[in-house]
Amino acid sequence: MPANDRVLIDYRTSDDAGVYKLDATRALVQTVDFFTPIVDDPFAYGQIAAANALSDVYAMGGKPLTALAIAGFPKDADRALLRAIFAGGLQKLQEAGVALLGGHTVQDAEIKFGYAVTGEVDPDAVWSNAGARPGDVLFLTKALGTGAIATALKFNRAPAYAVDAAVASMLALNKAASDALRSLPRGAVHACTDITGFGLVGHASEIASASACSLQIRTADVPLLPGAVDLVQGNTPGGGRTNAAYFGPRVSFAARLDPALVQLMSDPQTSGGLLAAVSAAHAPAAEEAFRQAGVSCRIVGRAIPTAVALLVFD
């Protein structure tokens with residue numbers, strides 16, 4: 001592709017969004033995301049779709065500004081249901097302070113909904129996949145398990161408490177977590193991503209690969225949604241199997257680990273949390289910033305020096 005010195009981040013580092021420099025202090029952050037219904041409630045589905053799309057901008061250290069809706073639905077779709085989806089999405093955009101400018105719809109055999117989002121970021125303070133350094137502390141801001149629970153829900157196998165926990169997690173914006181990280185001194189956050197369709201295995205592997213270092217994650221410290229361990233082995237999403245197969249060559253699991261936990265590390269997430277690599281010197285300040293922001297987070301591991309970029313679970 002033609003070189004463009006204003007493009008700061010594109011597809012080559014598998015980052016969450018693209019970044020285009022406008023001037024010395026401003027850059028655009030752009031992303032798009034949409035998917036089929038993941039919950040039964042259409043209003044909640046719209047909210048989750050919005051939170052998920054906005055998350056990519058937060059993961060880059062940016063502030064989302066505007067959104068364009070993208071939707072596909074059958075010709076005979078219930079218009080009340082569609083209105084509820086759009087209303088849910090708008091509510092979440094308003095919560096984030098994001099302006100809805102319009103959108104585009106097409107006829108499709110199955111409902112699909114999401115947003116293209118544009119945000120802004122300081123070009124000298126962008127969080128990329130490619131910045132993790134040995135010694136960095138890894139923070140994860142949401143529990144895993146939405147993929148397994150959503151799959152169980154489709155087959156009426158998910159208990160209400162698990163569904164409620166998963167929905168609450170997916171509805172939560174990553175704004176507070178991103179704001180907490182941005183409150184740290186510039187340069188404290190070396191890399192960041194949000195955990196979505198590729199699961200923790202995939203998105204952490206992308207940081208390791210782009211940063212040319214390894215990430216060592218303590219599986220026992222990874223937060224899990226209630227019911228996720230019990231549900232995952234009988235309700236593994238197709239994406240979970242794909243993640244395990246595709247990223248497997250770059251991942252090492254300790255032999256003693258519970259197979260259910262191993263599966264959850266590959267579980268595809270919707271509107272998952274941020275995984276941030278923070279300098280060890282600033283890790284205590286990060287913990288305090290998360291606490292003050294009311295964000296539940298866990299230290300799940302560290303970046304370590306190795307000859308080959310790997311993801312290690314112990």
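Let me begin with a pair of helices, α1 and α2, whose crossing is right-handed, a term that applies when the near helix is turned clockwise from the far one by less than a right angle, anticlockwise being left-handed. Helices here are DSSP runs of H or I with at least four residues, strands are runs of E with at least two, and both are numbered from the N terminus. I should say at once that this is a predicted model, in which local features need pLDDT of at least 70 and side-chain atom pairs count only at pLDDT 80 or more, while totals for chains, interfaces and linings use all residues. Residues are numbered from 1 along each chain as its sequence is written, and side-chain values use heavy atoms, with hydrogens and water left out.

Helix α1 covers residues 42-59 and helix α2 residues 79-96, and they pack at an angle of about 40° with their axes 6 Å apart; axes are lines fitted to C-alpha atoms, for helices over the stretch in contact, and angles run from 0 to 180 degrees between N-to-C directions. That angle makes α1 oblique to α2, since angles under 35 degrees count as roughly parallel, over 145 as roughly antiparallel, 65 to 115 as roughly perpendicular, and the rest as oblique. Among the residues making the contact (heavy atoms within 4.5 Å) are Phe43, Tyr45 and Leu54 of α1, and Leu81, Ile85 and Lys92 of α2. The residues of this contact divide into 13 nonpolar, 5 polar and 1 charged, where Ala, Val, Leu, Ile, Met, Phe, Trp, Tyr, Cys and Pro count as nonpolar, Asp, Glu, Lys and Arg as charged, and the others, Gly among them, as polar.

Turning to the sheet, 7 strands form an open sheet of mixed pairing in the order β8-β11-β7-β12-β9-β13-β10, two strands being paired if DSSP finds at least two bridges between them. Because β8 (189-194) and β10 (251-253) stand at the edges, each with a single partner strand, one side of each is left without a neighbour in the sheet. From one strand to the next the twist averages 20°.

Within this sheet, strand β7, residues 137-140, pairs with β11 (residues 274-278) in the antiparallel sense over 4 bridges, and Leu138 stands opposite Ala277 of β11. Strand β7 is also joined by 4 bridges to β12 (residues 298-304), again antiparallel, with Leu140 opposite Arg298. Both faces of β7 are covered, Val137 and Phe139 on one side and Leu138 and Leu140 on the other all being buried (under 20% relative accessible area with a 1.4 Å probe, protein chains only; exposed is over 50%, and partly exposed lies in between). By contrast in direction, β9 (residues 214-217) and β13 (residues 311-313) run parallel, joined by 3 bridges, and the bridge partner of Leu215 in β13 is Leu311.

Helix α5, residues 175-182, packs on the sheet, touching β8 and β11, and its direction makes about 10° with that of β11. Ala180 has its place in this helix and is buried, with a relative accessible area of 5%. Leaving aside residues up to four places away in sequence, Ala180 touches Ala289, Phe290 and Ala293, and its C-alpha lies 9.6 Å from that of Ala285, 105 residues away in sequence.

I will finish with helix α3, residues 146-154, which is mostly covered, 8 of its 9 residues being buried. The buried residues, including Ile149 and Leu153, pack against α4 (160-171) and α7 (228-232). Just after α3, Asn156 takes a positive phi of about 60°.
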